[in-house]
Structure formats: C-alpha cells, structure tokens
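Here are a few exercises to work through with the model open beside you. Try each task before you read its solution.

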Amino acid sequence: MSPASTGASTSVGAVPSVPVPDCSGSDTGGSDASDSRLTPGGPGYRRMSLALFLAGVATFALLYSTQALLPLISGEFGVAASEASWTVAAATGGLALFVLPMSALSERFGRRTVMTASLAVAVAVGLLVPFAPSLGALVVLRGVQGAALAGLPASATAYLAEEVRPKALVTAIGLFVAGNSVGGMSGRVITGWVAQEWGWRVSVGVIGVLAVACAVAFRLLLPAPRHFTPGSLRPRVLFGTVRGHLADPLLRRLYAIGALFMTVFGGVYTVIGYRLTAAPFGLPQGIVGSIFLVYLVGTVSASAAGRLVGRFGRRGALYLAGGTTAAGLLLSLAASLPLVLLGLVLITAGFFAGHAVASSAVGKTATHGRAQASALYQSAYYIGSSVGSTVGALAFRTGGWAGTVGVGLLAVAGVVAITVLGSVAARRAVARPGRASVRAAAH
C-alpha cells in the first residue's frame, strides 16, 4: 500500500498527494476494508494503546519527577523556589531543544526504534539522578534526561497518525495524553510519600525503577509499524519541511496554543508545593504529593477530547478548555483548601483537554513530515513548560500565589485570542474558493 493511501510519511521534504484531512470527525477512508490501519476493536489496537499509555506514564513520571519535591530540594541545597525550579525547567527545556532532531531521526530510523532508544537512555539517567552531588549536577542530569525523552512525544504522535485510522486518531492521542497525566500524577504522589519517609533522593530513584518497568512493557507490547516509509536525514530537506510547517498559519496557531496551555500548567504545578507547605495550609510533603491525584481528572478530560470536538467543534472545545482553566485559576486564589483543590481540578481538566485537542489537530493537519510537525508542537509545548515553571516561580517569589495566577490568566487570554483569530480566518477562508479555504474551515 502506498504512502498516499495509508497516510504514512514519505520523504521528509516531499508533499504526498493525499486528500485534505477531514477534521470534522468523519473517517475518511476509515471504513474501507482495504485500510489496514489500526482501529478500536481491531487486532493490535489494544496492545498499541496500552504500550503508548505506558510510554506516556514513563515520560511524565521522569520529566516531572522533581516537581513535587522542590521544597525539599530547596531545603537541602539552601536555594529559593526560583532556583530549585531549574530542575524542572532544565528537563523540559532539554526536551524542547532536542525534540526536532529526534523527530528527524524517527523519520529515518522509525518511530518505534527512536522511542525505544529514548526511553532506554532516559531511564538510565533517571537511575543516576538520586546521586547528584549538587544542585548544578542535578540540573545537568535533568537536562540530559529531558533531551533523551525528546524522542517520545513527536514520534508517538507521528506513529499514531500513520498507524491509526483518521476517525480514531483523536481518541488514540487522547489515550497517550492520558498516560502522560497518569505518569505525572503517580510520579508526584509516589515521590511525595517516599520523600516524607526517606528523602527526595530515594523517591526519584523509585521513579526511575518504575520507568524501567514501563519501558520494558512498552517495547514488548507496541506493534511493529506497517505504514512507515523512511525519509531523508539531509539537513536541507529537514529545514525545508520545518519552514513549510512554520509557514502554515493553522499550525502556528496550534503551536502557540500548546505553549500557552503548558505555561499555565507548568507554573501552577511548580509552585503549588511551596504554597501548600506554607501557612495557612502547612501540609506535610506526603499530603502535598497526594494533591497530584487530581491528575486523574486530566486522564478523563484528555480521553474525552474526541467527544468534545465532535460536539462543540475544535474551536469550541478550545474555548471550553480555556474557560475551565481560567475558572480554576481564579478559584485557587481562595484561602480555603477545598476551593484550592477544586481550582486545581478545573485547571487540570482544562489543560489536558486543550492539549489533546491541539496536538491531535497537528497530526491531522500535517500531510507530510508529520514527525517534524509534531516535534514543532512538542517543542513549543515544552518551551511553554519551561517558561511557566521559571516565570511562575519568579512571580511567586515577588507576588505570592496571586502572581503565579496572574501569569496563568495572561496565558489563557492568549489561548482565547488565538482561537478567536482562527475563527475569523476560517470565516474569511470560507468565502474564498479552493482547497485552502476548505482546509481552514474544517479547523
């Protein structure tokens, strides 16, 4: 079966002749019995879903393994929140910098190969993190770990875009994102309770062991790709593909939306531990770690992203996600612990829904160089995380929790403004004939 008929990647710089992606939710070609791509209920789909779910668990558990432990890291090394937050920012920054090169390797050597190698290196570094002798060494190790993890997100999205039928793509990506939320939650809960008894070093070591188990299961479960076509590693071809994606106004909007949503999330969850361990709450480390159980809400909202798009449309789902996040930020300003927790629930639900909607739209929009398109989204997304964790911590240092919330509200306002611009562009495009107008209106 040719790349054009399967939706697989062709040469990185080539634009295959494929139909315009149908973003309304219809399964373009998905009902064709000759379509051998994976579909819910079909052979291999459950194994694929579980494998990528576990990859998502390992990725987020490792990537944010120090986030719930920042007060303890600050205490051991005698640094402020803004300095300790670099253990998070270095990991997400490393991922943001290396996700594009890793995506190029996945175009040449295959999605499964790159994802397997990335997990192997990341878990190996994760087993070294507990032995970091200084804050500087810890930050360096976390940066290397983030760079290694860069092979996961873009490759996974590209794998799904090639191996899963279009109608099931949003749901499949939602399950991968749900794995992210479970990994983020379990990592923080486990580290919180383990650190309370044995310190932060033992707790990050436990996360490393958990990630090893996830990595082994991932490699055993993930079906071999059947619709991947190797691309070129030539820099000129790669840069041409990247330029083409960045010239696409729809992709640019989706990249910005992902970055802004993650700015909110990175800022809130980097600082929340400091707020809850201080007055008036004064919670112990184990309880603070358990606060991250609200990530389960993200698992649900990410998995429901496909239904939200089907009911409200893509832009309607983004408005709903942004509004939910903003409401949660405002609620979190209360001095009441139940209201703060409710605010975190809304922030988490809004973030994961918005992320799943935007990332799945990238997979459907890019008709060539999917790994690069996804890599650019992931790069923007994790730059948002680094900015959020750093700026959110600085805002907390100067303005308290209200300062962090202010940063988050500005980011949500950016999401809404970009979505409004997309709506205006779509209305204008409908009035113009041609493929571009149909494509813009569909999004």
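Before starting, one convention: helices are DSSP runs of at least four residues, numbered from the N terminus. Keep in mind, too, that this is a predicted model.

**Exercise 1. Place L220 and decide whether it is buried or exposed.**

Step 1: find the element. L220 is found in helix 10.

Step 2: check the accessibility. The cut-off for exposed is over 50% relative accessible area, and L220 has 64%, so it counts as exposed.

Step 3: look across the chain. R47 lies 173 residues from L220 along the sequence, yet their C-alpha atoms are separated by 9.4 Å.

**Exercise 2. Work out which residues form a nonpolar surface patch with L220.**

Step 1: list the members. L220 is joined by L127, V209, V212 and V216.

Step 2: add up the surface. Together, the five residues L127, V209, V212, V216 and L220 offer about 430 Å² of accessible area.

Step 3: zoom in on one member. V212 sits in helix 10 and, with a relative accessible area of 31%, is partly exposed.

**Exercise 3. Find the salt bridges, and say for each one where its partners sit.**

Step 1: get the count. Searching the whole structure turns up 2 salt bridges.

Step 2: take the pair E76 and R201. Their side chains meet with N to O at 2.7 Å. This pair ties together distant parts of the chain, 125 residues apart: E76 belongs to helix 3 (residues 70-77) and R201 to helix 10 (residues 200-221).

Step 3: check the surroundings of that pair. E76 is partly exposed at 42% relative accessible area, and R201 is partly exposed at 24%.

Step 4: turn to E162 and R111. Here the closest N and O atoms are 2.3 Å apart. Again distant parts of the chain are linked, with E162 in helix 8 (residues 153-163) and R111 in helix 6 (residues 111-126), 51 residues apart. Both E162 and R111 are buried.

As background, side chains of opposite charge can pair when their charged atoms come close.

**Exercise 4. Describe how helix 12 and helix 15 are arranged.**

Step 1: recall what to report. Two packed helices are described by the angle between their axes and the distance between the axes.

Step 2: read off both values. The axes of helix 12 (residues 249-277) and helix 15 (residues 305-331) come within 12 Å and cross at roughly 20 degrees.

Step 3: classify the angle. Angles under 35 degrees count as roughly parallel, so helix 12 and helix 15 are roughly parallel to each other.

Step 4: give the handedness. Helix 12 passes helix 15 in a left-handed crossing.

Notes. Residues numbered from 1 in each chain as written. Predicted model: local features only at pLDDT ≥ 70, side-chain atom pairs only at ≥ 80, totals over all residues. Heavy atoms only, no water. Salt bridge = Lys/Arg side-chain N within 4 Å of Asp/Glu carboxyl O. Helix = DSSP H or I, 4+ residues; strand = E, 2+ residues; numbered from the N terminus. Buried < 20%, exposed > 50% of the residue type's maximum accessible area, 1.4 Å probe, protein only. Patch = residues over 30% accessible without salt bridge, like charges linked within 9 Å, V, L, I, M, F, W, Y side chains within 5 Å. Areas by Shrake-Rupley, 256 points an atom, 1.4 Å probe, with all protein chains shown as cover. Axes fitted to C-alpha atoms, helices over the stretch in contact; angles between N-to-C directions. Parallel < 35°, antiparallel > 145°, perpendicular 65-115°, else oblique. Left-handed = near helix turned anticlockwise from the far one by under 90°.
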